[in-house]
Amino acid sequence: MIPILSTMIFLPIVTTMFLFMTRSPIVIIKYAALLSSLIVLLLSVKLFNNFDATSSLQFVEKYQWIDKYGITYHIGVDGYNLMIVMAIAILMPLIYLTLWKRNEKGYWYNLLLVQGAVMGATVSFDLILFYLFWETMLLPIFFIMGLYGYEDKIYSTLKFTLYTLLGSLLMLVSILYLAVEHYNLTGTWSFLLNDLKAMPLSTEEIFWVFAGFIFAFGIKIPLFPFHTWLPSAYATAPSGAVVVLSSIMAKIGVYAIWRFLFFLFPQMLDSFAPYLLAPALIGLIYFGIGAIMQDNIKRMFAYSSGSHLSLILIGLLLLNPYGWNGSIYLIGAHALSSGGLFLMVAMLYARTNNKNVNELGGIASQAPLFSIFFVFFSLAIVGIPGTSGFVAELLIILGAFEHSMLVGIISATTLLIAMTFIFWMLQRVIFGQTQKSTENFYDLQKNELVALVPIALLILIMGIMPQPFIEKFEPTITDNLKSSYILEAK
Amino acid sequence: MTQFTSLLPIIIVGSGAIFLMLLSAFSKLTIKELARITQTIILAALAIILMTLFDDSFSYSVYPEIFHNMLTNDSFALLFNFIFLLGALLSIYIGNVYIEKNKFFTGETFALILFSLFGMMLLSMATEMITAFISLEIASLSIYVLVGLNRKSHKSSEAVFKYLLLGSFGGSFFLMGAAFIYAQTGTTQLGEIANFISANIEQDMTLIIIGGTLVMITLVFKISAVPFQAWTIDVYDGASLPVTAYMASTFKIAIFAIALRLFLVDFNLIQDIWDQLLVFLTVITLMVGSLLAIIQNNIKRMLAASSMVHSGYLLIALASTGISGTSAAPSIIFYLIAYFFSAIGAFGLLSYVSWDTRRRATYEDFKGFAHIHPRLALMMTIFMLSFAGFPSTIGFLGKFYIFTGAIEAGYTFLAIIGVLSAFISIYYYFRLIIVMYFYPSKHEALVLTSKITPTVLALIALIILWGGIGTGLISFLPGANGFIEFAQNSIASLFITH
């Protein structure tokens, strides 16, 4: 019996180390990367099938790591992180496929490393182990952005790195504080999530510990006032990094709020949720408007991504079953649609060398296949019926109205804003007159098609038949909501 | 274990130093052969220490008293001596190209290295204040001379002059402090001082407190805590790189050896008096050190300034010892081990790539370094990440233990200040990584001849990674788990009463 999760984390990392040591030529690196990610995908399908929705934590692996301090290698999957594990496993091979023409070894090494690290961060149940992966996943992105980015790459790389590291370091203090309190209470060291939850701390202590965590997660998502790294990073980063950032890392940020904050401080949820809901709502509107204002197509999608992440966060903060189920579903749905869209933006940029929306146009007549997929992913992002986003957003909005009229109205209207800017963008980029930069626009190629078709199909399946997916995580959420303090109080 | 066997390592090093001094005066051996002899001497001492360590499987037990309790050879001293010897050995291995190419390295250099080694080893074993002072001065004097080896360089001469004047001035406080302590307690034995304090805890302790403060001044001077930092950057910069590597990685550790002995055992009961002072020193050391490190353009000077910041982290742990926590003291030793490997790696790599003294090691010089020397750049990146305390390196665990110890002792704000300076340090360490990787190369590939140096550096890089993520799965390799166990055992050995 192989340890499935550990293999999923370490296979890409070990592959990288092996390739680096043997100084393999780039062709071998590409095939090895694809092969290892396909194995991970296969394992993830097995994991999905064997996942028992009714029981909680599964596929657990638990070993002592630094026993003097009770640091444990503890990983597992439950209803919360299943979707992200699947999203990582599905997206990574597709990213490799679309990037097939990149011949820089460093690019491939770093993508493989980041795959292992994000997987590790997603399934960790020990705070120090989580911190290890959380920090480590930044490093490959740092190198990809700095080495293969565009324009002002060094400035935006440094800004992004310093921003996220500041957040993580403050989180480290919070983690240590919790562990020391646990030690003072019980006399044993432990960093296990289960041991540290619901500690009897004073309100003031909880506030500061909570603040440390929210800094780290808020910056990564990004939550409204912490977003200033986002546009420049997305604009200058190469497409591989952007897809990982928006489709995977940002989702891990939201998931981490769930996993760590809600789990560690269930007693404080009711009092804290409104204070987070406000910036999330502001973010939803602000990023939506920001997206309309942009001419740079990458910045535009950066803002749009920010807007959707705020929506996921809102769903989470609603603290009702609709919101939570919708949120989890949107994590998966948005990972797929934004992944597809950012990959297509990369293709667009590779063909035209132009990111300015005003200088694009007339692609529909030149490259019909490209246009179909581009329109499809754009519509999937805003969640038209029939796509996975629709189901998720519907659930969240239902939850929002259940929460309060105001939140419901704001969320629903903002989705309309998103609709307008996507249509406007489509009109300018895909339709309209052929411009200088789009003159020699060629259609999708085989490797690109192979990468995009599965994403599109999955979006459709998740949109038309959401039941098999939702029932994997729904029981966990209902259970947790029932058992936690929230429902009892109401 | 008899007196003789526990003294054997320092006997080997001490007589080896004298032997080398005579040998270089009367024979015509080449520098390469002399280096080899030095390495053999150090290896012999190292082997004996390793044998003792494995013999007792690194537990702590009662050790025989040596010279009427003036010296001791407990696990604590053994661990420190092991680090010093390893540091000297690695510095010579890494610096071999530099040492061969630059004419100012002579046979006496190796004698001086061994003398300083002798001083530091004695210092970590000393349990009597005058012995400690003498060993401190033996080590310091040899290092002053080592700093000034390159007589033709103005920078080097300036450095040695500064270091000599300030260092001797700073060192004299120790003697003064010992005198004050003797005046009240009537003894200079470390254990006896502790006994005196615990027996007379109700009485006035003014003289001991004054004495302890004076001793502390010397110690914080030697670890270049602010406001005693003025010499640091110029001395690190003026010394030739192998010497800087040796000095940066070992000398600070030696100072902490005696500081730990004094403050954990002897002043344990009255340590609270110095808490305010230590906290203040910690905060300004971290702040000033960080600022100084940011503004440097030369990497050697940046590393020198950042060594102050590392002293600051260690001071956090020193301030946190003794109050309520038990994890602060071992965290100092772990951090010293982590710092030792990172420093010797980083300075060693610098000395390897800039053996030509005319070449300055600025950020500008390192532009595009990764494109011409990818493996060396990778190693440098690992050293920088370890300095910055990035997870999966040993440097992270070092900071982790220190901050945990600080929070445990109730100094959460010190941990936050430590975290903030770690954040600032990301800027100046990552700046080197950015410069190495993200800029096109302007220089031609360096002609690097040595095969030993890159191997040793790679080994250090692996140790740094293994120390950060190593598990207990491979039991004979002390990973992250094993190092902290060493540290805890050696601290525990301090409290064995004879």
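**Reading burial, packing and contact in a two-chain model**

Tutor: B:Ser224 is found in the loop between helix 9 and helix 10 of chain B. Please keep in mind throughout that this is a predicted model.

Student: Is B:Ser224 buried or exposed, and how do you know?

Tutor: A residue is called buried if 20 or more other C-beta atoms lie within 10 Å of its own. B:Ser224 has 25 C-beta neighbours inside 10 Å, and therefore counts as buried. Its phi is near 50°, a positive value in a residue other than glycine.

Student: Phi of A:Phe59 is also given as a positive value in a residue other than glycine, but what makes A:Phe59 partly exposed?

Tutor: The cut-offs are 20 or more neighbours for buried and 12 or fewer for exposed, with partly exposed in between. A:Phe59 has 18 other C-beta atoms within 10 Å, so it falls in the middle class. This residue is found in strand 1 of chain A, and its phi is near 55°.

Student: Where in the two chains do the cis peptide bonds before A:Pro222 and B:Pro227 lie, going by their prolines?

Tutor: A:Pro222 has its place in the loop between helix 9 (203-220) and helix 10 of chain A, and the bond leading to it from A:Ile221 has omega near -10°. B:Pro227 is in the loop between helix 9 (206-222) and helix 10 (232-238) of chain B, where the bond from B:Val226 has omega near 5°.

Student: What makes helix 10 of chain A "mostly covered"?

Tutor: The count is made residue by residue, and seven of the eight residues in this helix, which runs over residues 229-236, are buried. Among them are A:Trp229, A:Leu230, A:Pro231 and A:Tyr234. The buried residues pack against helix 6, helix 7, helix 11 (239-264) and helix 13 (297-317) of chain A.

Student: How do you know which way helix 16 and helix 18 of chain A run relative to each other?

Tutor: The axes of helix 16 (residues 368-382) and helix 18 (residues 405-429) of chain A cross at roughly 170° and come within 9 Å. Angles over 145 degrees count as roughly antiparallel, and the two helices are therefore given that description. Helix 16 of chain A passes helix 18 of chain A in a right-handed crossing.

Student: Which residues of these two helices meet, and what are their classes?

Tutor: A:Val375, A:Ser378, A:Ile381 and A:Val382 in helix 16 of chain A meet residues of helix 18 of chain A that include A:Leu415, A:Met419 and A:Ile422. By class, this contact has eight nonpolar, one polar and no charged residues.

Student: Why are helix 5 and helix 11 of chain B described by another word?

Tutor: Helix 5 (residues 107-125) and helix 11 (residues 241-266) of chain B pack at an angle of about 25°, with their axes 8 Å apart. Angles under 35 degrees count as roughly parallel, and this pair is therefore roughly parallel. Helix 5 of chain B passes helix 11 of chain B in a left-handed crossing. B:Ile113, B:Met120, B:Leu123 and B:Ser124 in helix 5 of chain B meet residues of helix 11 of chain B, including B:Tyr246 and B:Phe251. The residues of this contact divide into eight nonpolar, two polar and no charged.

Student: Why is chain B called as compact as a globular protein of its length?

Tutor: Chain B has 20 helices and zero strands. Its radius of gyration is 21 Å, close to the 23 Å that the globule rule gives for 498 residues, so the description holds. Buried residues make up 59% of the chain.

Student: What does the same reasoning give for chain A?

Tutor: The secondary structure of chain A comes to 21 helices and two strands. Its radius of gyration is 22 Å, close to the 23 Å that the rule gives for 490 residues, so chain A too is as compact as a globular protein of that length. Of its residues, 57% count as buried.

Student: How many residues does each chain bring to the contact between them, and what part of chain A supplies the largest share?

Tutor: The contact takes 26 residues from chain A and 25 residues from chain B. On the side of chain A, helix 7 gives the largest share, 14 residues. By class, that side has 19 nonpolar, four polar and three charged residues.

Key: Residues are numbered from 1 along each chain as its sequence is written. Chains are lettered from A and ligands numbered from 1 in the order in which they are written. This is a predicted model: local features need pLDDT of at least 70, side-chain atom pairs count only at pLDDT 80 or more; totals for chains, interfaces and linings use all residues. Axes are lines fitted to C-alpha atoms, for helices over the stretch in contact, and angles run from 0 to 180 degrees between N-to-C directions. Helices (H or I, at least four residues) and strands (E, at least two) are DSSP runs, numbered from the N terminus. Angles under 35 degrees count as roughly parallel, over 145 as roughly antiparallel, 65 to 115 as roughly perpendicular and the rest as oblique. A crossing is left-handed if the near helix is turned anticlockwise from the far one by less than a right angle, and right-handed if clockwise. Two residues are in contact if their C-beta atoms, placed from the backbone, lie within 7 Å. Ala, Val, Leu, Ile, Met, Phe, Trp, Tyr, Cys and Pro count as nonpolar, Asp, Glu, Lys and Arg as charged, and the others, Gly among them, as polar. The radius of gyration is taken over C-alpha atoms; the globule rule is 2.2 Å times the number of residues to the power 0.38.
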